[in-house]
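Visitor: I am new to this structure and would like a close look at a single part of it. Could you walk me through one loop and then show me what lies around it?

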Amino acid sequence: MKKIIVAFVAVLSLLTACSKNNDIQIDSNKFGQVKIKFDHIVNSKKLVLNDYTYSNSHSEIFNVTTLKYFVTNVKFTKSNGETYTVLKEDSYFLIDAVNAHSLNPNILIPEGEYTGLEFNLGVDSLTNTLPVEKRTGVLNPATNGMYWEWNSGYIHFKIEGNSPQANNPNNSYKYHIGLFGGYSTPTVNNNRIVRIDLTKAGISKVQEHLSSDIHLMVDIGKIFDAVHPISIQKNPVVMQSGPHTFIADNYAQMFMHDHTHNFQKIVQHEN
Amino acid sequence: MKTKKKLSVILLIICTVWACKKADDLAPDDFLGFKKPSYFPEPAYTFESTPLTRETVELGRKLFYDGILSRDHTISCASCHISQNAFTHHGHDVSHGIDDQLGIRNSSSLVNLAWSTSFFWDGGVPTLDLSPIVPIHNPIEMDGNLENGLLQLQTHPQYPSLFQKAFGSTAIETHQVLKALSHFMVTLVSDNSKYDQVQRNETTFTTQEARGYTLFQAKCNACHQEPLFTDFSFRDNGLGINPAKDLGRYEITQQEEDKLKFKVPTLRNLQYTAPYMHDGRIYTLQGVLNHYNKEIVLTDNLDPILKQNNGIPLSREEMEDLLAFLLTLNDESFITNKSFSQP
């Protein structure tokens, strides 16, 4: 029985490989899986927490001990401009470099061919005003170290590490970037919308019972150099003061679409 | 839905029975819940998601007085919010937390919190429910970790059953801890000062108090609005910068116009809550009046009302009258209420 299935799948795959895009039967009432893979690098080197060292354009040497950020409000667009917005409450992801499971969030979306992926890096103002009983899972203010208690609000992006250029007792740098626009008084908003064009490296073809794996390379080196060069020596700690908006502009630039694997079998009991 | 209706009916019956009882018949531990005094505005806090019950309030009270959520179990909410002092840290300009470390602000009176639209001197927290995480996690206050706290509560001999009674499940979750604390804190309503009794026509002011009340309405009520004695706004009242370089509301908004602004505090229970101001720099009420009378610092964001009049000019006689009125805001039944004290 198993053999037959394998053979069947193999034939199907071959057929699929040969078929043109517009041969796919699309039923927008059916849902298929999209898996977004967040693969971290720093400049051109793989991210390995603690052990690997990297450098920035200021020739400062650093490692990374913590990397966490929120990806929320996920949307998919088609070439005709049609958009599918994932239900807001199903669209809160905390990407945490130390937690392999968090790096590949799965989402169910209607069958179709999607040419664009959009998400918010951070936690928007609407979410920041949720009542406490709705703040569960990754939004739990007590459990993820991604919430500022005294200036109430989520931390959108957090990176910590060590650098000999960080002039403090532990030679550590810490960038905790939050601020969502304020509750009553308008403040800085460091949420950043990220739009990724999927047409160059492979559009996402979503089919029921199959997974379309969108593989993103996330270059943490951009945090220091994408738009505004950031010096660790000058700014070893950035939270609510210092160049937090510059870092936000930089983190908006760190996502690149590498490739897409369409029609992937969904392995059950996957972690 | 059906349960809701049933509950309403039961509540109605309870209320009816209650209404027939005389106040004297009530044992001190009889549960009154949360009741809005008729002349108070609508509260900001709501019970839509989680009804307030005897069980949620009693659980909150136990948590409020328990050091279990602090790093070494030595500091509870009540360490710095003492019921006999209208839930302030009486006598301390700033409070000492864990390992006797000092903060930079005077612990606020926890009173009439259901009406508050923001929390802490800088208004950095928008809801009461999110407020307790601040002292629990603050390294110089309780230095705890709510995640660990939840584990401690889950393995505690009493808490799981108390959470079961309050919320219907033994799984203890962040929001339940916070709701329980909120429910206890919103019951801390002070509405039985002489001022309140006058509002209810149960008594009258002395002539001096009445003169003070008139003065108050003319010179203080713009910010310390009746009947809560605050308008919850943020203002620079001319204290100038302190050695801690605390910029108040600016720390939250990073807006120039918010530098040195702090939330207008209530004036209720002043007799029990000395010292005064966000950093507890003034030890007596006379000192506070002296500040407004002649010690105002002309800072950039000084409140227009104070700027316009160069403070609040008061003659010696006016000060005495005003002090007489301010003392009518003390609510002895609030600070002696047994259902607010350590269970």
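Guide: Happy to! Let us begin at B:H224. Setting aside the neighbours within four places in sequence, B:H224 is in contact with B:F229, B:T230, B:V264 and B:L267. Keep in mind that this is a predicted model. B:H224 sits in the loop between α9 and β1 of chain B. Is B:H224 buried or exposed? The answer falls in between: B:H224 has 19 other C-beta atoms within 10 Å, and a residue needs 20 or more to count as buried, so B:H224 is partly exposed.

Now step back along the chain to B:C220, which lies in the loop between α9 and β1 of chain B. B:C220 has 19 C-beta neighbours inside 10 Å, so it counts as partly exposed. The UniProt record, in an unreviewed entry, places a "binding site" feature at B:C220, B:C223 and B:H224.

Further on we meet B:D231, also placed in the loop between α9 (207–219) and β1 (234–235) of chain B. With 14 other C-beta atoms within 10 Å, B:D231 is partly exposed. What does B:D231 touch, leaving aside its neighbours within four places in sequence? Its contacts are B:C223, B:Q225 and B:V264. You may recognise two of these names: B:C223 belongs to the UniProt "binding site" feature, and B:V264 is in contact with B:H224. For a sense of distance, take B:D231 and B:R268, which are 37 residues apart along the chain: their C-alpha atoms are separated by 13 Å.

Let us widen the view. UniProt, again in an unreviewed entry, gives residues 207–330 of chain B the feature "domain: Cytochrome c". This span is 35% helix and 3% strand, and its end C-alpha atoms lie 18 Å apart.

Elsewhere in chain B, helix α2 (residues 54–64) makes a useful comparison with our loop. Eight of its 11 residues are buried, so helix α2 is largely enclosed by the rest of the structure. Among the buried residues of α2(B) are B:V57, B:L59 and B:F64, along with B:E58 and B:R61. The cover over the buried residues of α2(B) includes α3 (77–80), α6 (159–167) and α7 (174–186) of chain B.

Finally, look at where the chains meet. The contact takes 18 residues from chain A and 22 residues from chain B. On the side of chain A that touches chain B, the residues divide into seven nonpolar, eight polar and three charged.

Notes: Residues numbered from 1 in each chain as written. Chains lettered and ligands numbered in written order. Predicted model: local features only at pLDDT ≥ 70, side-chain atom pairs only at ≥ 80, totals over all residues. Contact = placed C-beta atoms within 7 Å. Nonpolar A, V, L, I, M, F, W, Y, C, P; charged D, E, K, R; others polar. UniProt positions renumbered as here; feature names shortened; annotations may be inferred. Helix = DSSP H or I, 4+ residues; strand = E, 2+ residues; numbered from the N terminus. Buried ≥ 20, exposed ≤ 12 C-beta atoms within 10 Å, placed from the backbone.
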